[in-house]
Amino acid sequence: MRLDRLKVLIVDDNKHTRLLLAQILRALGITQTFEANDGVEGLAALRNHAVDIILTDLAMEPMNGIEFVRSLRTGPDSPGPMLPVIMITGHATMKRLQEARDAGVNEFMGKPITARGVIERLAQVVDHARPFIRTDDYFGPDRRRRNDPSHEGPWRRTGDHRNVRALEL
């Protein structure tokens, strides 16, 4: 993983968290970072800067991390619908995790932020990127992380055959 070539956008309303993340990224060799205070600024920053990965907080105003990722994935004028997104939050409940997953987040990281946690999530989105899928109500990385050894057949969802045909059209 060539971290020195990555460009990262940090979207967080807390300047201390942005500073901490930027310092961790610099220590890893990532020198090209951009910052935004919330999801609205994050989308604007993406229109002005080509980035490879987004680190975003969940709880922000006026546009929170979930709304930001939904706009990024499905907005009609989205500047990067397939960019990898790592969501960071101090509110790591199962409900929040599911909301983030269903919005199209690639990885999820709870606070407190550690260098090891950042490295592990970066490795996941760079070295083990999941394919993107589109269904009637979702666009983003495949939400399934592991194969079910007991599964028999090519389709894993009830509507897979219909959804794959829609992609081919």
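Trainee: Which residues are linked with Arg-116 in a network of salt bridges?

Mentor: In this predicted model, Arg-116 is linked with Glu-120 and Arg-121 in such a network.

Trainee: Why is the meeting of Glu-120 and Arg-121 called a salt bridge?

Mentor: The N to O separation between their side chains is 3.7 Å. A salt bridge requires a side-chain nitrogen of Lys or Arg within 4 Å of a carboxyl oxygen of Asp or Glu. The pair therefore qualifies.

Trainee: What makes Glu-120 partly exposed?

Mentor: Its relative accessibility is 38%. Buried means under 20% and exposed means over 50%, so Glu-120, at 38%, counts as partly exposed.

Trainee: How do you know that Arg-101 forms a salt bridge with Asp-102?

Mentor: The closest N and O atoms of Arg-101 and Asp-102 are 2.9 Å apart. The cut-off is 4 Å, so this pair is a salt bridge. Arg-101 has a relative accessible area of 35%, and Asp-102 has one of 34%. Partly exposed covers the range between the buried and exposed limits, and therefore Arg-101 is partly exposed, as is Asp-102.

Trainee: Why are Arg-96 and Glu-99 separated by about one helical turn?

Mentor: The two residues lie 3 residues apart in helix 4, which means a separation of about one helical turn. Their side chains meet in a salt bridge, at 3.4 Å from N to O. Arg-96 is partly exposed at 30% relative accessibility, and Glu-99 is partly exposed at 26%.

Trainee: How many salt bridges does a search of the whole structure find?

Mentor: The search finds 8 salt bridges.

Trainee: Let us turn to the nonpolar residues. What makes a set of residues a nonpolar core?

Mentor: The members must be buried residues of the nonpolar kinds, joined through side-chain atoms within 4.5 Å. In this structure the largest such core has 22 residues. Leu-9, Val-11, Leu-46, Ile-54, Phe-68, Val-69 and Met-87 touch the most other members. At least two residues each are supplied by strand 1 (7-11), helix 2 (39-48), helix 3 (65-74), strand 4 (85-89) and helix 4 (94-103). Helix 3 gives the largest share, 4 residues.

Trainee: Which residues is Leu-46 in contact with, leaving aside its neighbours within four places in sequence?

Mentor: Leu-46 is in contact with Leu-9, Val-51, Ile-54, Phe-68, Leu-72, Pro-79 and Leu-83.

Trainee: How many residues does the second, separate core have?

Mentor: That core has 18 residues, including Ile-10, Val-118, Leu-122 and Val-125.

Conventions. Residues are numbered from 1 along each chain as its sequence is written. This is a predicted model: local features need pLDDT of at least 70, side-chain atom pairs count only at pLDDT 80 or more; totals for chains, interfaces and linings use all residues. Side-chain values use heavy atoms; hydrogens and water are left out. Buried means under 20% relative accessible area, exposed over 50%, partly exposed in between (1.4 Å probe, protein chains only). Contact means heavy atoms within 4.5 Å.
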